[in-house]
Amino acid sequence: MEAILGQLEAHRKEIEAFELTTPQQVEEYRIKFLGTKGIVKALFGEMRNVPNEKKKEFGQVLNDFKLFAEAKYDAAKDATANSQPSTVNLQDLSLPGDVLPAGSRHPISLVRSRIISIFQRLGFAVADGPEIEDDWHNFTALNLPENHPARDMQDTFYISQNPDWLLRTHTSNVQIREMQKGKLPIRIICPGRVYRNETISARAHCFFHQVEGLYIDEHVSFADLKQTLYFFVQELFGKDVKVRFRPSYFPFTEPSAEMDVSCFICGGPGCRVCKQSGWVEILGCGMVHPTVLENCGIDSNKYTGYAFGMGIERITMLQYGINDLRLFSENDVRFLRQFTGAV
Ligand code: PHE
């Protein structure tokens, strides 16, 4: 017992003298004194050899010693935990950070959002529908007779598994699906991707994007159509824009028109963009044909409506002065990174 007390005293001195300035030293200390094969554990093992009447006293001495050894360890551990290992070079924190490359929105989606938000302010809701469509929703319901040129194999992609399926050639299929739901009035716009079997060039591609619109209620007139579209182009191109409507033909509208806006590049006198005419064609529109309403179960004596449709690529090209449609789908970041802000 006396011998052990003597050892304790020596260990105490050793602990006091132990230098604990690096994490490695702290770990060495832990292993030597507090580890499973360490000195504290070994001293507690000596309890077996201590006579019973001395056990309490000896236990207390040992506990004090243990707390003493632990206290030094805890203090040193906290003090060295945050110190850098000497092998790591300190970084110069005043250097500028690495710049993360930020993406930008695609010009088509910028212009699409802009178009959508203008119509949303007029109370139009956004409607969506399938890109793989059946013949009825894409053509027949829209009063496109069986021999209509738009059905020609050259214009439409048919799905070989089933000749009744095709890639929609316009988003009017969404309008048909909305009308079939039978909930009136309807005031929707249908943005989406459409497909046509065209030879790819600067002016044509096998797919592009449209926004079509439909408004059906009692007493909807051509005057409503004109005013809505006039508001739309003023919001898109500025208050000074002028519009003109030229008579046209679509199987699903009667009467039908193409709408032009005054050329926002030259303002009228004529330039390359407007092909010296002072006007740029922007969309097709008209009053929904009564047959289309009836095809979808809507009473054409009670309800009338208007519809319009535009290509987003075309408007984007005009707004940004882009002269090749293929740029939109080539994924060339030198082109895409130019479109970061609002339109
Ligand atoms: N669906 C027509 C097209 O894709 C556009 C359009 C829609 C024209 C509505 C008139 C009315 O060409």
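The protein chain splits into two parts, domain 1 (2–80) and domain 2 (107–339). In this predicted model, the C-alpha centres of domain 1 and domain 2 sit 85 Å apart. Below are some notes on the domain layout, on one isoleucine and on a pair of cysteines.

**Domain layout**
- Domain 1 covers residues 2–80, while domain 2 covers residues 107–339.
- If you are looking at how the two are placed, the distance from the C-alpha centre of domain 1 to that of domain 2 is 85 Å.

**Around I315**
- You will find I315 in helix α10, which spans residues 312–320.
- I315 is buried, its relative accessible area being 0%.
- Apart from neighbours within four places in sequence, I315 makes contact with V111, I115, L236, F237, I282 and M310.
- I315 and Y230 are separated by 85 residues in sequence, and their C-alpha atoms are 15 Å apart in space.

**Cysteines and disulfides**
- How many disulfides does the count give? The count comes to zero.
- C263 takes part in no disulfide, and its nearest cysteine sulfur, which belongs to C271, is 3.7 Å away.
- Seen from the other side, C271 is in no disulfide either, with the sulfur of C263 as its nearest cysteine sulfur at 3.7 Å.
- A disulfide calls for two cysteine sulfur atoms within 2.5 Å, so the 3.7 Å between the sulfurs of C263 and C271 does not qualify.
- Is C263 buried or exposed? C263 is buried, at a relative accessible area of 1%.
- C271 also counts as buried, with 14% relative accessibility.

How values were computed
Residues numbered from 1 in each chain as written. Predicted model: local features only at pLDDT ≥ 70, side-chain atom pairs only at ≥ 80, totals over all residues. Heavy atoms only, no water. Domains from an automatic or database assignment. Helix = DSSP H or I, 4+ residues; strand = E, 2+ residues; numbered from the N terminus. Buried < 20%, exposed > 50% of the residue type's maximum accessible area, 1.4 Å probe, protein only. Contact = heavy atoms within 4.5 Å.
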